[in-house]
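Reader: Walk me through this one, please. Start with whatever wording I need for helices.

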Amino acid sequence: MEKKYTAKKLTAEEKLRLLCGDGAWHTADLAGKLPKLRVSDGPVGLRTERMNEEGESETIPAVAYPSIQILANTWNLSRAKDMGEALADDCKERGVDILLAPGVNIKRDPRNGRNFEYFSEDPVLAGSMAKRYIEGVQGKGIGVCLKHFCCNNLEYDRLHQSSDVDERTMREIYYLPFEIACEAKPVSVMCSYNRVNGVYAAENKKGFDLLRNEFGFDGAVISDWGAVRDRTASAIAGLDLEMAFSQENYDKLCADHAAGALPDEVLEACADRMLHLIYRCKEMQAGEFEVSSVASRARTAKKVAAEGMVLLKNEELLPLHGVKKISLAGCFAKPESADMLRGGGSAAVEWLDKKFDLEEALTARGYQVLYESAFRYQTINSFGQSARPALENAAVSDVNIVCVGTGSPVEYESGDRSTLRLPDVQERAIIETAEENPNTVVVIFAGAAIDVSAWEEKVKAILYAGFPGMGGDEVIADILTGKICPSGKLSETFPLDIADVPAANAWRSAGVTRYQEGLDVGYRYFDTYGVPVAYPFGFGLSYAFFAYDDLKLEGKGSALKVTYEVENTSEIDGKEISQVYVRECAPLVYRPYKELKGFSKDKVKAGKRVKVSLTLDSRAFAHWSTAFDRWTVTDGVYEILVGASSEDIRLRAKIKIKNGEIEVL
Ligand code: BGC
């Protein structure tokens with residue numbers, strides 16, 4: 001950190017005060033001596049509070065963006081930046097200095113209750129998207145707080161459990177998204193609640209040192225809300241700000257300092273970093289920034305949804321053609337509450353525009369729509385009623401659309417999902433209406449993978465709409481009717497069964513969770529061990545078709561330039577996400593079969609070709625060597641695989657690396 005601000009002139013008392021927040025959402029201002037920073041959640045919409053007339057706190061409605069999972073499914077760095085910029089404008093309007101987002105925790109297991117807030121099971125995709133999101137927010141003068149550092153991959157017992165992770169897995173999987181995101185220079189990082197290899201994340205000196213000494217992080221480390229056990233130990237480890245304010249911890253910190261247990265230089269360093277944070281945020285805001293309108297931010301939410309929804313199955317049913325009468329079933333089509341379309345906890349957003357009505361959106365597009373809620377959504381266990389009333393509609397319609405999903409009682413902070421299956425009544429609604437009408441489309445509203453095995457074969461099309469955000473009803477209608485050509489691809493594997501996932505037997509346990517699957521997270525596992533999945537990582541259908549050819553590799557010292565062409569062989573304009581994986585052919589240390597190292601999303605007009613070009617640097621070929629304690633590229637042959645998904649490799653070619661130099665074979 002450039003030492004621009006020094007706490008030398010502050011009294012010890014002031015420095016101590018600076019290390020603990022002011023209430024739940026502000027930094028201390030030392031009785032007006034310093035500017036006060038206001039922080040606020042969160043990743044998919046701003047969550048600020050106000051007092052209502054009864055003196056109770058209530059959440060102020062805000063633009064609700066699609067879940068981070070949907071943003072990741074766009075694989076579009078520009079969309080990540082757009083969403084960051086829009087969120088920055090939300091912050092400006094509400095006087096928020098730091099947005100408590102994004103979260104880059106890896107989706108180690110699809111059951112993690114907060115997966116809807118996270119990007120991916122892959123560190124390169126998660127880190128790259130988060131980096132651009134941060135550039136979007138900070139480019140408009142608002143700070144971010146990158147979270148949750150580190151290895152917070154489940155919610156169960158999150159305040160105590162220890163994530164036991166070996167060094168190499170930590171570097172290659174769990175630290176990597178933070179490392180990549182730190183390239184965007186976040187003003188702060190939030191530690192997680194859990195322990196990391198036995199040590200509370202708030203006291204993870206090794207991790208904080210790594211952030212600062214290796215990842216180029218020059219901001220302040222903030223605790224998750226209530227994550228600090230011992231304020232002195234956490235300050236010594238390098239945690240600068242405890243949030244929210246805790247009188248008990250503050251008193252103990254002062255007592256420890258008086259007793260000499262908190263060295264002056266530690267106090268000074270933390271206070272310096274706090275001053276740096278406060279003034280850096282204020283300086284960032286000093287530029288001239290145009291604040292976009294709420295309408296434009298709502299359009300951004302729709303743009304993200306339009307590119308992030310994933311068409312999982314389509315047996316020539318979509319886009320709808322020759323259809324007049326539609327049976328629309330499932331209360332997710334016309335939700336009783338926004339809770340059905342979002343995850344719960346600190347990332348829950350009070351929707352500014354609460355209208356979400358797929359019936360109306362389809363009717364407005366000229367269809368005759370017969371809507372039946374079919375099942376009721378109240379709490380996690382009482383979806384109630386049967387699907388009967390929808391059967392008649394399905395039988396007399398040209399097409400049957402069934403809307404199913406989860407929502408905040410199922411996906412939320414501080415709890416995990418027990419199953420990937422939809423509730424019985426929803427599965428029955430799909431199966432029984434599909435028996436009446438084979439032209440059935442299922443639209444899934446959820447923030448993480450769903451087990452589709454009970455009904456997948458009985459329907460012709462499946463659209464994964466995720467938690468779609470405001471305006472998502474219009475986007476779904478436009479995708480179903482062909483105005484939007486779907487272009488999202490999965491940022492996480494949809495397994496056939498939860499029993500198949502790599503951490504199935506060890507995903508959580510009382511006290512200590514051993515990450516025994518090591519590097520084999522998500523597709524790295526399914527791929528390496530040939531375990532079949534429902535929908536692989538990187539998969540998503542389009543109404544257009546794409547062919548890949550002309551792969552060319554060019555070694556430039558230790559870097560590799562990869563170029564290839566993508567041709568749209570259909571008559572529909574579309575966007576294609578191409579993925580570049582690297583495989584070491586005969587490794588000397590264990591390596592998953594292949595790993596994502598680059599990707600590109602390109603607009604390709606009907607019948608046209610685009611040339612895609614990306615450069616892989618030496619890290620794309622490296623593993624974290626525990627023998628040398630550094631990133632190491634071993635001499636050998638590597639294969640470059642270019643695919644439309646992790647299972648659909650279209651082009652491949654080999655290179656040889658000797659002493660770091662690349663030779664194309
Ligand atoms: C969550 C954080 C959030 C904070 C403030 C915590 O419970 O883990 O992600 O930013 O609360 O709301």
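Author: Sure. A helix here is a DSSP run of H or I with at least four residues, and helices are numbered from the N terminus. Keep in mind that the model is predicted.

Reader: OK, so where do Arg 168 and Glu 172 sit relative to each other?

Author: Both belong to helix α5, which covers residues 167–174, and because they are four residues apart, about one helical turn separates them. Their side chains form a salt bridge, with 2.6 Å from N to O.

Reader: Are those two buried or exposed?

Author: Arg 168 has 11% relative accessibility, so it counts as buried. Glu 172 is buried too, at 5%. The cut-off for buried is under 20% relative accessible area.

Reader: How many salt bridges does the whole structure have?

Author: A search turns up 63 of them. Side chains of opposite charge can pair when their charged atoms come close. Another one links Lys 355 to Glu 360, at 3.2 Å from N to O. There, Lys 355 is partly exposed at 44%, and Glu 360 is partly exposed at 43%.

Reader: What about Glu 427 and Arg 421?

Author: Their side chains also meet in a salt bridge, at 2.7 Å from N to O. Glu 427 is buried, with 4% relative accessibility, while Arg 421 is partly exposed at 39%. Elsewhere, salt bridges with shared partners tie Arg 79, Asp 82, Lys 303, Glu 307, Lys 575 and Lys 601 into one network.

Reader: Switching to pockets. How much space is in the largest pocket?

Author: About 670 Å³. It has 27 lining residues, and the closest to its centre are Val 124, Ser 128, Ile 180, Lys 597 and Gly 598.

Reader: Which elements supply the lining of the largest pocket?

Author: At least two residues each come from α3 (77–94), α4 (123–139), α6 (176–181), β23 (595–604) and β24 (609–616). The largest share is from β23, with six residues.

Reader: And how does that lining divide between nonpolar, polar and charged?

Author: For the largest pocket, 10 residues are nonpolar, six are polar and 11 are charged.

Reader: Same rundown for the second largest pocket, please.

Author: That one holds about 390 Å³ of space. It is lined by 26 residues, and Gly 540, Leu 541, Ser 542, Ala 544 and Phe 545 lie nearest its centre. The strands β11 (310–314), β22 (574–584), β27 (636–645) and β28 (648–658) each give at least two residues to this lining. By class, the lining of the second largest pocket has 12 nonpolar, seven polar and seven charged residues.

Reader: Back to β23 for a second. Why is β23 called largely enclosed?

Author: Nine of its 10 residues are buried, so the rest of the structure largely encloses β23.

Reader: Which sheet order includes β23?

Author: An open sheet of five strands, in the order β23-β22-β27-β28-β29, with antiparallel pairing. The edges are β23 and β29 (661–664); each has a single partner strand, so one side of each has no neighbour in the sheet. From one strand to the next, the twist averages 30 degrees.

Reader: How many bridges join β22 to β23?

Author: Nine, and the two strands run antiparallel. For example, Gly 574 has Val 604 in β23 as its bridge partner. On the β27 side, β22 pairs over six bridges, again in the antiparallel sense, and Arg 583 has Glu 639 in β27 as its bridge partner.

Reader: Last topic, backbone oddities. Where's a cis peptide bond?

Author: One runs from Asp 41 to Gly 42, with omega near 0 degrees. Gly 42 is in the loop between β1 (39–40) and β2 (48–51). Another cis bond joins Met 243 and Ala 244, with omega about -10 degrees, and Ala 244 is in the loop between α8 (231–237) and α9 (247–258).

Reader: Which residue other than glycine has a positive phi?

Author: Lys 185 is one of them, with phi near 55 degrees. Lys 185 sits in the loop between α6 and β7 (188–191) and is partly exposed at 36%. Ser 414 is another, with phi about 85 degrees; Ser 414 lies in the loop between β14 (399–405) and α14 (424–436), and it is partly exposed at 44%.

Note on methods: Residues are numbered from 1 along each chain as its sequence is written. This is a predicted model: local features need pLDDT of at least 70, side-chain atom pairs count only at pLDDT 80 or more; totals for chains, interfaces and linings use all residues. Side-chain values use heavy atoms; hydrogens and water are left out. On a 1 Å grid over the protein atoms alone, a cavity is a set of points where a 1.4 Å probe fits but cannot get out, and a pocket is an open set with protein on both sides within 12 Å along at least five of seven lines; lining residues have an atom within 4 Å of a point. Grid points are joined across faces, edges and corners, and a volume is the space filled by probe spheres set on the points. Ala, Val, Leu, Ile, Met, Phe, Trp, Tyr, Cys and Pro count as nonpolar, Asp, Glu, Lys and Arg as charged, and the others, Gly among them, as polar. Two strands pair if DSSP finds at least two bridges between them. Axes are lines fitted to C-alpha atoms, for helices over the stretch in contact, and angles run from 0 to 180 degrees between N-to-C directions. A salt bridge is a side-chain nitrogen of Lys or Arg within 4 Å of a carboxyl oxygen of Asp or Glu. Buried means under 20% relative accessible area, exposed over 50%, partly exposed in between (1.4 Å probe, protein chains only).
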